[in-house]
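Visitor: I'd like a quick tour of this one, please. Could you start with the ground rules?

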Amino acid sequence: MHDHAVELPRFPRLPALALKGLPLAPLSLTLSAFARRMASRHPSMFRRLGEHAKARFVLDPTDLPISMALEPAEGRPRLELSRGPLDGDARIAGPLAALLGMVHGAYDGDALFFSRDLVIEGDTAAVLALRNAMDNAELDLAAEAEAISGPLGARVRRLIDFAERRTGVALSRQEDLYEW
């Protein structure tokens, strides 16, 4: 895992402003389809949520003008995007880099929490279950995007790798993060 003492990258302002004008319904549907595809490739992730499989998690990237609610729905996940506050059983807020970095194992959630880069509200047991399920699944969002892109997969991967290099945000899981 990376040393968290360094400053987390922030989402660039210009693309963040562009999100203000995008229609959210199509993006919500696209992200829901992406999440369902991941669920089919990692079914144990949602089973590991146990009693929290019906929880509603609000993910609030503080450097974006949108937030999202994730409903695992017992393996048929759904994402809802909003420009306003969302209700849920638990809320996880922080810069997008921190949220994605936790998914990819680049940052330790406890370190982010104690450094106040990450705010957890509501059902902390549900958040812990979600974190453990994601850690166990060893998700790689870039690999998932590449896999569902069919013949365009290699181009999608190059674009994601470029974005990762330019922004410093962990958009994929890298094995060298785990060397001791």
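Guide: Sure: buried means under 20% relative accessible area, exposed over 50%, and partly exposed in between, using a 1.4 Å probe and protein chains only. This is a predicted model, where local features need pLDDT of at least 70 and side-chain atom pairs count only at pLDDT 80 or more, while totals for chains, interfaces and linings use all residues. Residues are numbered from 1 along each chain as its sequence is written, and side-chain values use heavy atoms, leaving out hydrogens and water.

Visitor: Is Leu112 buried or exposed?

Guide: Leu112 belongs to helix α5, residues 109-114. Its relative accessibility is 0%, so Leu112 counts as buried.

Visitor: What distance separates the C-alpha atoms of Leu112 and Leu99?

Guide: Along the chain, these two leucines are 13 residues apart. In space, their C-alpha atoms are separated by 9.5 Å.

Visitor: How many helices and strands does the protein have?

Guide: Here helices (H or I, at least four residues) and strands (E, at least two) are DSSP runs, numbered from the N terminus. Their order from that end is α-α-α-β-β-β-β-α-α-β-α-α-α. That gives 8 helices and 5 strands.

Visitor: What radius of gyration does the protein have?

Guide: The radius is taken over C-alpha atoms, and the globule rule is 2.2 Å times the number of residues to the power 0.38. The C-alpha atoms fill a box of roughly 40 × 35 × 35 Å along the principal axes. For 180 residues a compact globule would come out near 16 Å, which agrees with the protein's own value, 16 Å.

Visitor: What percentage of the residues is buried?

Guide: The count runs over the 180 residues of the protein. Buried ones make up 44%.
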